[in-house]
Amino acid sequence: FGIKFNIGVLTNITYEHLDYHKSYKNYVYEKLKLLKNSDVSIVNSNGEWFPYVQKEISSEKLRTYSLDGHFKGDTSVGTLPFKIKSSLIGDFNLENIIAGVAVAMELNINPTIIDSAIQSFESPVGRGQIIESKNIGMVMIDFAHTPNAFEGILKEVKGKTKGKLIHVFSSAGERDKSKRPLMGKTASRFDD
């Protein structure tokens, strides 16, 4: 409602909140309202929503990023003034780090400070939180609650798991029931 932002960031738009928005396209256009109210829009160019962004957001205020720099002008791992060193796992976290770097660079923050912040960052409790147990091995607690989030975290965890991957999850509340079968399908691809 009239709030102007200096920088708007779009990391991802997945099939979520469709119980409210009714369609993916409606959801995309709701997200784009943030970018339209921002002086600068920093957007992950690697997604099916990107053509909507290009159509709705002027190129003068659009900055893009991606893992591999596939879109001309992307901030990517290959364009950064330092090598990313982080304890966070997964390409989805790497994409989020690159988004943060793009924001910091837009704000003219010294690359040494950006690099130091990335290296010292620790995940919040409940997000990729590792607990070692003598009786059962490694346990990870994570708030992944969409099929896309399951895909990202389970792919990484499966690759690092010795033995069986046991995955306990639930669906909270009565919202967005349509994603539940998709979450189960994604889990069935990775979980033992």
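## Exercises on a predicted model

Lys85 is partly exposed, with a relative accessible area of 44%, in a structure that is a predicted model.

**Exercise 1.** Determine where Lys85 lies and which residues distant in sequence it touches.

*Solution.* Begin with the position along the chain: Lys85 belongs to the loop that runs between strand 3 and helix 4. Next, leave out residues up to four places away in sequence, and the contacts that remain for Lys85 are Ile118 and Gln119. Then check the backbone, where the C-alpha atoms of Lys85 and Ile118 are separated by 7.0 Å although the two residues stand 33 residues apart along the chain. Finally, classify the accessibility: buried means under 20% and exposed means over 50%, so the 44% of Lys85 makes this residue partly exposed.

**Exercise 2.** Locate Asn108, and decide whether this residue is buried or exposed.

*Solution.* Asn108 is placed in the loop between helix 4 and helix 5 (111–120). Its phi is near 60°, which is a positive value in a residue other than glycine. With a relative accessible area of 69%, Asn108 is exposed, because the cut-off for that class is over 50%.

**Exercise 3.** Describe how strand 2 and strand 3 are joined, and what unit they make with helix 3.

*Solution.* Take the pairing first: strand 2 (residues 38–44) and strand 3 (residues 62–65) run parallel and are joined by four bridges. One pair can be traced by name, since Ile42 has Arg63 in strand 3 as its bridge partner. Now add helix 3 (residues 50–56), which together with strand 2 and strand 3 makes a β-α-β unit that is right-handed.

**Exercise 4.** Work out the span of helix 6, what its buried residues pack against, and what the helix gives to the lining of the largest pocket.

*Solution.* Helix 6 (residues 147–160) has 14 residues, and the distance from its first C-alpha to its last is 20 Å, close to the 20 Å expected at 1.5 Å a residue. Its buried residues are Pro147, Phe150, Gly152, Ile153, Leu154 and Val157, and these pack against helix 4 (91–106), strand 5 (137–141) and helix 7 (180–190). Turning to the largest pocket, its space comes to about 1,200 Å³. The lining consists of 43 residues, of which Phe92, Asn93, Asn96, Arg127 and Ala149 are the closest to the centre. At least two lining residues come from each of helix 2 (24–36), helix 4, strand 5 and helix 6, and helix 6 gives the most, with nine residues.

How values were computed:
Residues numbered from 1 in each chain as written. Predicted model: local features only at pLDDT ≥ 70, side-chain atom pairs only at ≥ 80, totals over all residues. Heavy atoms only, no water. Expected span 1.5 Å × (residues − 1). Buried < 20%, exposed > 50% of the residue type's maximum accessible area, 1.4 Å probe, protein only. Contact = heavy atoms within 4.5 Å. Pairing = 2+ DSSP bridges. Right-handed = clockwise from strand over helix to strand, strands pointing away. 1 Å grid on protein atoms, 1.4 Å probe; cavity = no way out; pocket = protein on both sides within 12 Å on 5 of 7 lines; lining within 4 Å. Points joined across faces, edges and corners; volume = space filled by probe spheres on them.
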